[in-house]
Amino acid sequence: MATVTDEDAVKGLRDALGLLKDREQVAQRLLASSARHSFDPDTELDWDAPFEDGKWFWPPELVSLYGTPMWRRMSEEQRILLSRHEAAALASLGIWFEIILMQLLARHIYDQAATSAHVRYALTEIEDECRHSKMFARLIEHGGTPWYPVSRAHHHLGRLFKTVSTTPGSFTATLLGEEVLDWMQRLTFPDERVQPLIRGVTRIHVVEEARHVRYAREELRRQMTTAPRWSREFTRVSSGEFARVFSVAFVNPDVYTHAGLDRREAVAQVRASGHRQEVMRTGAKRLTDFLDEIGVLRGAGRRLWRSSGLLA
């Protein structure tokens with residue numbers, strides 16, 4: 001009797017988006033793309049060039065206080081200073097998230113054949129994330145701002161999540177961390193109002209993260225089709241909770257203090273800002289549409305996603 005392999009077992013499976021693609025073929029294409037379009041930030045970017053006067057560190061429309069009464073009272077210099085600190089806070093958040101992601105990827109491939117293209121691409125992605133984390137750290141240092149760690153509670157929740165997360169839960173969280181920032185960075189790197197170094201950092205990140213998003217989407221589709229029911233249900237709830245953590249951690253309130261603003265008033269105005277709510281929902285829409293189609297946004301998980309502010 002012929003032996004049925006894992007790959008044979010999932011051939012012909014479909015989800016709401018159609019036929020699942022072959023895992024090895026996807027990985028081979030991503031490996032080829034990585035060979036053509038990978039960057040060394042240490043040599044690719046001009047770290048010695050001074051920042052340019054009057055240029056932003058993040059597009060003003062994406063700064064958390066944009067359009068609020070406090071924003072209208074701020075001078076242009078103070079607005080740019082806030083964008084500098086928010087760029088550093090987002091880079092800090094990116095480092096925290098990518099360290100979690102690298103551990104999740106290593107755990108994902110632990111029981112798989114090391115010679116497969118799928119595993120080799122996961123190792124390639126870990127290499128990318130190592131470079132990104134070092135790039136973000138260098139950007140923070142170069143900008144003369146503090147490092148902005150997430151809160152102690154979120155730090156420990158991250159430790160818990162990467163320990164108990166299911167495989168589909170890990171890839172859902174991966175997409176959450178990558179796609180909202182990716183949307184913002186796609187607006188940033190072509191924006192000539194923004195500092196050239198920031199644009200260079202975001203350009204590298206967008207190009208390389210596009211592969212990471214493709215890998216995570218294909219694997220999440222597969223997992224939500226083949227994983228046990230309990231795993232899929234747990235993924236729905238845990239990803240919804242992670243969405244709530246992510247939306248809160250997205251702006252570190254310490255940036256307002258360092259920009260010379262009243263922290264409590266700033267936080268309150270950001271929470272009440274219709275513009276900010278629209279920015280976050282728009283940034284997440286491509287992801288939430290995808291998650292909805294493959295069955296992640298159901299039941300209690302959907303309610304958690306809605307309470308995060310990322311889902312209308």
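Start by selecting Glu76: with a relative accessibility of 43%, Glu76 counts as partly exposed. Keep in mind as you click around that this is a predicted model. Now add Arg79 to your selection. Glu76 and Arg79 form a salt bridge, and their closest N and O atoms are 3.6 Å apart. General chemistry helps here: side chains of opposite charge can pair when their charged atoms come close. Both residues sit in helix H5, which covers residues 76-108, and because they are three residues apart there, about one helical turn separates them. What about Arg79, buried or exposed? Arg79 has 17% relative accessibility, so Arg79 counts as buried, while its partner Glu76 is partly exposed.

**Further along H5**

Stay in helix H5 and select His85, which is found there too. Its relative accessibility is 7%, so His85 counts as buried. Which residues does His85 touch, if you skip those up to four places away in sequence? Show Thr145, Pro146, Tyr148, Val255 and His258, and you have the answer.

**Two helices side by side: H7 and H10**

Next, colour helix H7 (residues 152-164) and helix H10 (residues 229-249). Their axes come within 12 Å and cross at roughly 155°. That angle makes H7 roughly antiparallel to H10. The crossing of this pair is left-handed.

Turn on side chains to see who meets whom. From H7, pick His154, Leu157, Phe161 and Val164. From H10, pick their partners Phe234, Ser238, Phe242, Val245, Val248 and Ala249. How many residues of each class are in this contact? There are eight nonpolar and two polar residues, and no charged ones.

**A salt bridge within H10**

Keep H10 on screen and select Glu241 and Arg244. Their side chains meet in a salt bridge, at 3.3 Å from N to O. Both lie in helix H10, three residues apart, about one turn of the helix. Glu241 has a relative accessible area of 33%, so Glu241 is partly exposed. Arg244 is partly exposed as well, with a relative accessible area of 34%.

**Another pair of helices: H8 and H9**

Now switch to helix H8 (residues 167-188) and helix H9 (residues 196-226). These two pack at an angle of about 150°, and their axes are 8 Å apart. That makes H8 roughly antiparallel to H9. H8 passes H9 in a left-handed crossing. By class, the residues in this contact divide into eleven nonpolar, nine polar and eight charged.

**On to H13**

Select helix H13 (residues 274-293), then pick out Glu278 and Arg281. Because they are three residues apart in H13, about one helical turn separates them. Their side chains meet in a salt bridge, with 3.4 Å from N to O. Glu278 is partly exposed, at a relative accessible area of 42%. Arg281 is partly exposed too, at 28% relative accessible area.

Gly283 also has its place in helix H13. Is Gly283 buried or exposed? With a relative accessible area of 5%, Gly283 is buried. Leave aside its neighbours within four places in sequence, and Gly283 is in contact with Glu179, Val180 and Trp183. For a long jump, put a distance line between the C-alpha atoms of Gly283 and Thr43: they are 240 residues apart in sequence and 30 Å apart in space.

**A tryptophan in H14**

Go to helix H14 (residues 299-307) and select Trp305, which lies in it. Trp305 is buried, with a relative accessible area of 0%. What does Trp305 touch, not counting residues up to four places away in sequence? Among its contacts are Thr172, Leu176, Ser239, Gly240 and Ala243. The list also includes Leu287, Thr288, Leu291 and Leu297, along with Leu310 and Leu311. You can draw another C-alpha to C-alpha line here, from Trp305 to Glu44: they are 261 residues apart in sequence and 38 Å apart in space.

**Last stop: a network**

Finish with four residues together: Asp128, Arg131, Glu208 and Arg211. A network of salt bridges links them. If you'd like to keep hunting, how many salt bridges does the structure hold? The total is 22, and the pairs you visited include Arg79 with Glu76, Glu241 with Arg244 and Glu278 with Arg281.

Definitions and conventions
Residues are numbered from 1 along each chain as its sequence is written. This is a predicted model: local features need pLDDT of at least 70, side-chain atom pairs count only at pLDDT 80 or more; totals for chains, interfaces and linings use all residues. Side-chain values use heavy atoms; hydrogens and water are left out. Axes are lines fitted to C-alpha atoms, for helices over the stretch in contact, and angles run from 0 to 180 degrees between N-to-C directions. Helices (H or I, at least four residues) and strands (E, at least two) are DSSP runs, numbered from the N terminus. Angles under 35 degrees count as roughly parallel, over 145 as roughly antiparallel, 65 to 115 as roughly perpendicular and the rest as oblique. A crossing is left-handed if the near helix is turned anticlockwise from the far one by less than a right angle, and right-handed if clockwise. Contact means heavy atoms within 4.5 Å. Ala, Val, Leu, Ile, Met, Phe, Trp, Tyr, Cys and Pro count as nonpolar, Asp, Glu, Lys and Arg as charged, and the others, Gly among them, as polar. Buried means under 20% relative accessible area, exposed over 50%, partly exposed in between (1.4 Å probe, protein chains only).
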